[in-house]
Amino acid sequence: MEEKNILIFGHKNPDTDSICSSLVMEKFDKNLGFSVEAVRLGEVNKETQYVLNYLNLSAPRLIHEVNEGQPVVLVDHNEFTQSANGIEKATIETVIDHHRIANFQTTEPLYYRAEPVGCTATILYKKFKELNMEIEKKEAVLMLSAIISDTLLFKSPTCTIEDKTACENLAHIANIDIDTYGLEMLKAGTDLSDFTPEELINLDSKEFINGDFKFQVAQVNTACIEDVLQNKVDIENAMTNFMTQNGSNLFILLITDILNSNSQSIVLGDTTIFEKAFSKPVENNLAFLEGVVSRKKQVAPIILNALT
Ligand SMILES: [Mn+2]
């Protein structure tokens, strides 16, 4: 039987962790002699591009769907709604992830590694260590970039001591100053000037489903919330169109101030659920969320809770 190349990918609207962890997992599996290829499910964002440029690397190949029976490795996600089209019929061999497990089902046994750490790359770092596999400079930069991105330079409540320790060890290998490099990398991701409102709300957007209720939480990072709000009306129109097309009941756009660790949110649709979840009124479609930077820990579960 002909052996198929195993495809490794992160979630749709890939962030730095999804791209970097795919590339690192590719290296890990190749070291073990597997025939694998890192691919991606969407455009590379500016923050990730900064990392790729720093390493003089090209982005993984773009795919839109997977064929029936295609062997795959999922990193940084497990929910089918966030994965490649056709994922239901692919053969999922391995999952390495740090998100909740939901909308996930396989017909065959698999390797599944989930840890409640701040970044997939932290789990990969541990995998290298467990096998005593040498970490080269390239993989060190990829992993530390992913950790800085997912934890917003250790400021996110999702950040654990394991993430911080891994990042510091990787910085040593890469000979990088975490604060200097990290701030430059995060800032590269906050240049939102040439995105249309439609692009902006899709840069980092995830769908969640609870029974009949479908909600979308998108997030953009910025150094200045007011800059983003200058286009508030156009952004709201794009959000409304998205909701109509996708049948979403609620859309939350988090505009996250990476310097002060707060988020202004634009909330459209069933705002009563949002108000119940956060005990906070939505006024003029806006609600300021003090200290909120993590969709995964501080927004999605709060909404899901309010729905039950
Ligand atoms: Mn991640």
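## A chat about the fold, helix 3 and the aromatic rings

Student: How many helices and strands are there in the protein?

Tutor: The protein has twelve helices and eleven strands, and you should keep in mind from the start that this is a predicted model.

Student: Ok, and what radius of gyration does it have, next to what a compact globule would have?

Tutor: The protein has a radius of gyration of 19 Å, which agrees with the value near 19 Å that a compact globule with 308 residues would have. Taken along the principal axes, the box filled by its C-alpha atoms is roughly 55 × 45 × 35 Å.

Student: How much of the protein counts as buried?

Tutor: Of its 308 residues, 55% count as buried. The accessible surface comes to about 13900 Å², and carbon and sulfur atoms hold 46% of that surface.

Student: What share of the contacts comes from residues 24 or more positions apart?

Tutor: Among contacts in the protein with a separation of 6 or more, 63% are between residues that are 24 or more positions apart.

Student: And the charges, how many positive and negative side chains are there?

Tutor: There are 26 positive and 45 negative side chains, and the centres of these two sets lie 3 Å apart.

Student: Let's pick one element. Is helix 3 largely enclosed or open?

Tutor: Helix 3 is largely enclosed by the rest of the structure, because eight of its eleven residues are buried.

Student: Which residues are those?

Tutor: The buried residues of helix 3 are Thr-120, Ala-121, Thr-122, Ile-123, Leu-124, Tyr-125, Lys-127 and Phe-128.

Student: So what covers them?

Tutor: The cover over the buried residues of helix 3 includes three helices, namely helix 1 (16-31), helix 4 and helix 5, together with strand 4 (71-75), strand 5 (91-97) and strand 6 (111-114).

Student: What happens just after helix 3?

Tutor: Just after helix 3 comes Asn-132, which takes a positive phi of about 55 degrees. Most residues other than glycine have a negative phi, and Asn-132 is not a glycine. Asn-132 sits in the loop between helix 3 (120-130) and helix 4 (137-151).

Student: Is Asn-132 buried or exposed?

Tutor: Asn-132 is exposed, with a relative accessible area of 75%.

Student: What about Leu-153, what phi does that one have?

Tutor: Leu-153 also has a positive phi of about 55 degrees, although it is not a glycine. Leu-153 lies in the loop between helix 4 and helix 5 (161-174), and at 12% relative accessibility Leu-153 counts as buried, whereas Asn-132 is exposed.

Student: New topic, then. How many aromatic pairs does the structure hold?

Tutor: The structure holds nine aromatic pairs. One of them joins Phe-104 and Tyr-112, whose ring centres are 5.4 Å apart and whose planes stand at 80 degrees, so this pair is edge-to-face. Tyr-112 is partly exposed, with a relative accessible area of 27%.

Student: And how are Phe-213 and Phe-215 arranged?

Tutor: Phe-213 and Phe-215 form a tilted pair, with 6.2 Å centre to centre and 50 degrees between the planes. Phe-213 is buried at a relative accessible area of 11%, and Phe-215 counts as buried at 0% relative accessibility.

Student: Which residues do ring pairs link into a cluster?

Tutor: Tyr-50, Tyr-54 and Tyr-181 are linked into a cluster by ring pairs.

Terms used
Residues are numbered from 1 along each chain as its sequence is written. This is a predicted model: local features need pLDDT of at least 70, side-chain atom pairs count only at pLDDT 80 or more; totals for chains, interfaces and linings use all residues. Side-chain values use heavy atoms; hydrogens and water are left out. Rings of Phe, Tyr and Trp (its six-membered ring) pair if their centres lie within 6.5 Å; planes under 30 degrees apart count as stacked, over 60 as edge-to-face and the rest as tilted. Buried means under 20% relative accessible area, exposed over 50%, partly exposed in between (1.4 Å probe, protein chains only). Helices (H or I, at least four residues) and strands (E, at least two) are DSSP runs, numbered from the N terminus. The radius of gyration is taken over C-alpha atoms; the globule rule is 2.2 Å times the number of residues to the power 0.38. Contact means heavy atoms within 4.5 Å. Accessible areas come from the Shrake-Rupley method with a 1.4 Å probe; for residues, only the protein chains shown count as cover. Lys and Arg count as positive and Asp and Glu as negative; His and the chain ends are not counted. The place of a charge is taken as NZ of Lys, CZ of Arg, CG of Asp or CD of Glu.
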